[in-house]
Each structure stands twice: as C-alpha cells, then as structure tokens.
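Student: Please take one part of this model, its strand pairing, and go through it closely. Then carry on outward to whatever packs on it or lies beyond it.

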Amino acid sequence: MRYISTRGTAPALTFEEAMLTGLARDGGLYVPENIPTLTAAQIADMAGKSYEDVAFAVMRPFIGDTFSDAQFRELIAKAYAGFGHAARAPLVQLAPNHFLLELFHGPTLAFKDFAMQLIGQMFQAALSRSGDRVTIVGATSGDTGSAAIEAFRGLSNVDVFILFPHGRVSEVQRRQMTTPSESNVHALAVDGDFDDCQAAVKDMFNDFAFREDVKLAGVNSINWGRVLAQVVYYFTAAVSLGAPHREVSFTVPTGNFGDIFAGYIAKKMGLPIADLVVATNRNDILHRTLETGAYTKEGVTPTISPSMDIQVSSNFERALFYAYGGDGATVAAQMDDLKSGGFEISQGAYQMLQDTFKSGRASEEDTKAMIKSCRADSGELLCPHSAVGVHVAQAHLGATPMVTLATAHPAKFPDAVKDASGVVAPLPPRMADLYDRPERVTRVANDLAALQAVIKERI
Ligand SMILES: Cc1ncc(COP(=O)(O)O)c(C=O)c1O
Ligand SMILES: N[C@@H](CCOP(=O)(O)O)C(=O)O
C-alpha cells in the first residue's frame, strides 16, 4: 500500500513513512493510492467481534508491512486497554431510529483518544525500531491536544508541543494540557484562533530547514493514521445495527472534517452507509460550501462547542481530492486560492460532494435546547458538540437508522452543559483533582518565528 499527496507532487510513501512524515512536502495530505474494500461476508463476520478484532480487520489492509499481524494486534490491544467501557464505542438509543455512538470513554474523554492512543503505540514501535527522536507539533481547539499529550507524555524519544488558542478552550481541556508534569510535554497558548494555530503547524512543515532540524512530526488529522483509526467505529456501529444487510446513516459534529472523512473512507471500503451528514455550529463554512459550492472563509466565532470553532477545515482537502478524481494540480490551485479568501468548486466535483455529504448547522440556542431536551427525553447528557450533531441529525431522520457521533464527554464542558440543562456533569474519579493540579503553560504571540524559537529552545 502506497500513500500519495492530495497535491500530486510529493513522493509516494509507505504507511510508516506517511505516518511519521505528517504533511506531504508539497503541502498536501497523504491518502492511500487505492482504498481497499471489504466484502459483505467480511463485514458480516464482524458481528459479535470485539472492538479490537474489528479494528484489526478494518485497518490491516492499509498498513502494508509496517507491522506484523501479531505486532499490530498487540498495539491495538494496548491502545484500547485503558478505555472505560468494554465496548470501547457503545451505542445507545435516543429514539426509535436514532442512536448515539459514545466516543468519549477514552482517557481524555473525547473521540480523539481512539486514534491518538493507537498512533502513540505505533509511533513508539516505529521509533524504537529506528532509534529516531521526533518533535511532534500539534494544533488544537481543545481535544486533539489533550489526547496527544496523554498518548505521548513521558516518552523518551518524543517531544510534544501543542498550540491552542488562548482563552478559547474549556477549562477542563486547558487543564488536561497544562497539568501533566512530564518534561517532554509543552503547552503553548497562542494569541489567535484555532485556524492560526493550524496554519502555524502547516507553515512549520513547509519550512524545510526547520522541519529537518527538529525532526518534525504531526499528529493532527493531517496524519493519515489518525483518519484510519477513526474508520473503525463506523464499522462497529453499523454492524451492530445490521450492516451489511441494512444501510445505516451517520451524523458527525464536524470541524476539521477528519471524523466525517473517516466515514467516507468506511463507505468506500464497502460499508453500506446511506447518508453522511456534516453537522456544524455557527462556524458553518462546511455547511455553506455544501449548499453553495463556494468555500469562503469568514472569521472564527467563539461558541459553546469550541472544538468545532474552525473555518479552514484541513481534511476537506482530502474530500476535494476525491471529488476532483485525484487531480492533485486542481486541488493545489484551489488551496492556493484559499490563501486569498476562498474558491469555487467546479460543477462535477460539487455534484460528487453533494451526492456524498448532507449537512446542517445548529445555532447556540439550538445547541442549548438540544442539551436540555435530550436529557429530559432520553436521560442522555450531551456535550455541546454532540448536541450540535443530534440537532442536525433530527432533520435527517428517516427509515434508515441514524447514528450520531457523541464526540466528547459532557464533563469536558461543565459550564455550558450546566447552563443549558441545570445538570452538573462530574469528571471521572481519576480526574477529580484536575482543578487542583499546578498548570504549566507558555503564552506565545501568533507569530511563526516566535513559535519556532520556543520549540527550538525547548528540545
Ligand atoms: C468534541 C469534538 N467534536 C467534534 C470535533 C470535530 O471533528 P473533526 O475536526 O474531525 O471534524 C472535534 C474536533 O476535532 C471535537 O473535539
Ligand atoms: N477539534 C480539534 C481540532 C484539530 O483537529 P484534528 O482532528 O485535525 O487534530 C481539536 O479538538 O483539537
């Protein structure tokens, strides 16, 4: 299996190389040259299997000879051993044809743990084999950062720097990033929004001297391994609702487009997915794009679902690549246009996107009302991101079972949840002293040179 860049000019890489490389050298994102498919019989065989067994079956065709079967099984087992639910990603029923996929039982209480815990294992295995040391730099609107720190803290061959927008993550998210005491962990509060943080990370990858100097690696969803690990739970959920014999739809709270893109990959692998619904908060660039065919940046507005406060949605580039039939030159030209504000998607590509994705948005009031009514109607306490998803999903319910992804635990956003529902969502006992732990954070200007200087000084 080889991986190629969405912009068409970077060298093709193996799975291991793509995982450790992060952003392609032409600025694009790596995607598999071919997407392997599973037969209906192979999918049917997943029924009743453990999450770990399904993970192996889904991901094995993508990893080539990076790991032996036995080693890959071991890495998967270690990745999910610390999850707080035997099913890893349990489904609960909200209404007759509407289900919630709880993706928040991992160590940092968000769906990011599914991929990050596995990436942590895979990085360690690959780096201990090669003896290399890398510097991970990641951008976060709150959840990727805490998941990455949890997965990489204390490792001797990795430094991890997380850039988060100062004042724009919840207190729990911030503390998850600033309280670990391990010296290889560095939380950087940037005077900007998430888009600024993500742009800085990409600029660091495009600064080849810096990239080589610090041995830069990325664990944002620019890393194909992140997307791949998120494909698995589409399979576990759909199979438990009757796939491959029955179609299933998914609604996904969306920001950087990584999670829903994983659903698209699941569909291309043969999972019978009817609708893939993009749910946005008022930072609704993806919804507007799917409605109009124009991808036009506006400023980021802070919301009560801060992890989705994103306008430059990194993985949309991967979707565009498929929409343009693998034409990297066109993707590169459109990404260039984005620097000056946006681009128009050409008719054929737009048609493909409209055929593949549906969308909707939730206002702040919609989100709060959904947290309250869902608690009253079903007993389920939603985080604001999941509430955006459930609100949008309700407009797309039909005969096909709908699964909405619950992307974070309500306890990560206690103020917003209490304000909406009156209910206090407690942290799990292992995190009960989070508010008492000392914080360690460096405030940095929204300036590439300043960020690079901090990183070089610390490693
Ligand atoms: C809780 C939560 N929900 C939804 C999202 C959006 O996911 P994606 O960026 O993969 O679209 C994020 C951030 O990634 C998140 O942290
Ligand atoms: N919402 C994310 C933003 C980064 O997304 P990623 O999937 O590209 O890492 C976050 O919580 O940090």
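**From one bridge outward**

Tutor: Start with one residue pair: Val92 has Leu100 as its bridge partner in S4. Helices (H or I, at least four residues) and strands (E, at least two) are DSSP runs, numbered from the N terminus. Two strands pair if DSSP finds at least two bridges between them. This is a predicted model: local features need pLDDT of at least 70, side-chain atom pairs count only at pLDDT 80 or more, and totals for chains, interfaces and linings use all residues. Residues are numbered from 1 along each chain as its sequence is written, while chains are lettered from A and ligands numbered from 1 in the order in which they are written.

Strand S3 (residues 91-95) and strand S4 (residues 98-102) run antiparallel, with four bridges between them. Two residues separate S3 from S4, and the two strands make a hairpin. Strands of a sheet pair through backbone hydrogen bonds, either parallel or antiparallel.

Now widen the view. The hairpin strands belong to an open sheet of six strands, ordered S3-S4-S14-S9-S10-S13, with mixed pairing. S3 and strand S13 (357-361) are the edge strands, each paired on one side only. From one strand to the next, the twist averages 25°. Angles run from 0 to 180 degrees between N-to-C directions, with axes as lines fitted to C-alpha atoms, for helices over the stretch in contact.

Inside this sheet, strand S9 (residues 248-253) pairs with strand S10 (residues 273-280). That pairing is parallel and has five bridges. Val252 faces Val278 of S10.

Two helices lie across these strands. Helix H11 (residues 258-268) crosses S9, S10 and S14, at about 170° to S10. Helix H12 (residues 285-292) crosses S10 and S13, at about 130° to S13. Contact here means that the C-beta atoms of two residues, placed from the backbone, lie within 7 Å.

Just before S14 in the chain there is a loop. Ala395 sits in that loop, between helix H17 (384-394) and strand S14 (402-406). Ala395 counts as exposed because it has 12 C-beta neighbours inside 10 Å. The scale: buried is 20 or more other C-beta atoms within 10 Å of a residue's own, exposed is 12 or fewer, and partly exposed is in between, with C-beta atoms placed from the backbone. Ser359 is 36 residues away along the chain from Ala395, and their C-alpha atoms are 9.7 Å apart.

Next, the other sheet. Five strands form an open sheet with parallel pairing, in the order S8-S5-S6-S7-S15. Strand S8 (216-217) and strand S15 (442-444) each have a single partner strand, so each is an edge with one side left without a neighbour in the sheet. S6 and S7 run parallel and share six bridges. Val160 is opposite Val185 in S7. H6 packs on this sheet, touching strand S5 (134-139), S6 and S7, with its direction at about 165° to that of S6.

H6 also helps to cover H7. Helix H7 (residues 171-178) has seven of its eight residues buried, so the rest of the structure largely encloses it. The buried residues of H7 include Arg174, Arg175 and Met177. Their cover includes H6, strand S6 (158-165), strand S7 (185-190) and helix H18 (414-421).

H6 leads on to the ligands. Around ligand 2 there are 13 residues, the closest being Thr140, Asp143, Thr144, Asn220 and Ser221. A residue counts as near a molecule or strand if its C-beta atom, placed from the backbone, lies within 6 Å of it. Helix H6 (residues 143-152) gives the most to this shell, three residues. The shell holds 12 polar residues, one charged and no nonpolar. Ala, Val, Leu, Ile, Met, Phe, Trp, Tyr, Cys and Pro count as nonpolar, Asp, Glu, Lys and Arg as charged, and the others, Gly among them, as polar.

Ligand 1 is surrounded by 15 residues, the closest being Asp143, Asn256, Gly258, Ser307 and Thr407. Its shell has five nonpolar residues, eight polar and two charged.

Last, Lys112. UniProt lists Lys112 as "modified residue: N6-(pyridoxal phosphate)lysine" in an unreviewed entry. UniProt positions use the numbering here, feature names are shortened, and annotations may be inferred rather than shown by experiment. Lys112 lies in helix H5 (residues 112-130). Lys112 counts as buried because it has 33 C-beta neighbours inside 10 Å. Neighbours within four places in sequence aside, Lys112 contacts Asp143, Thr144 and Ala147.
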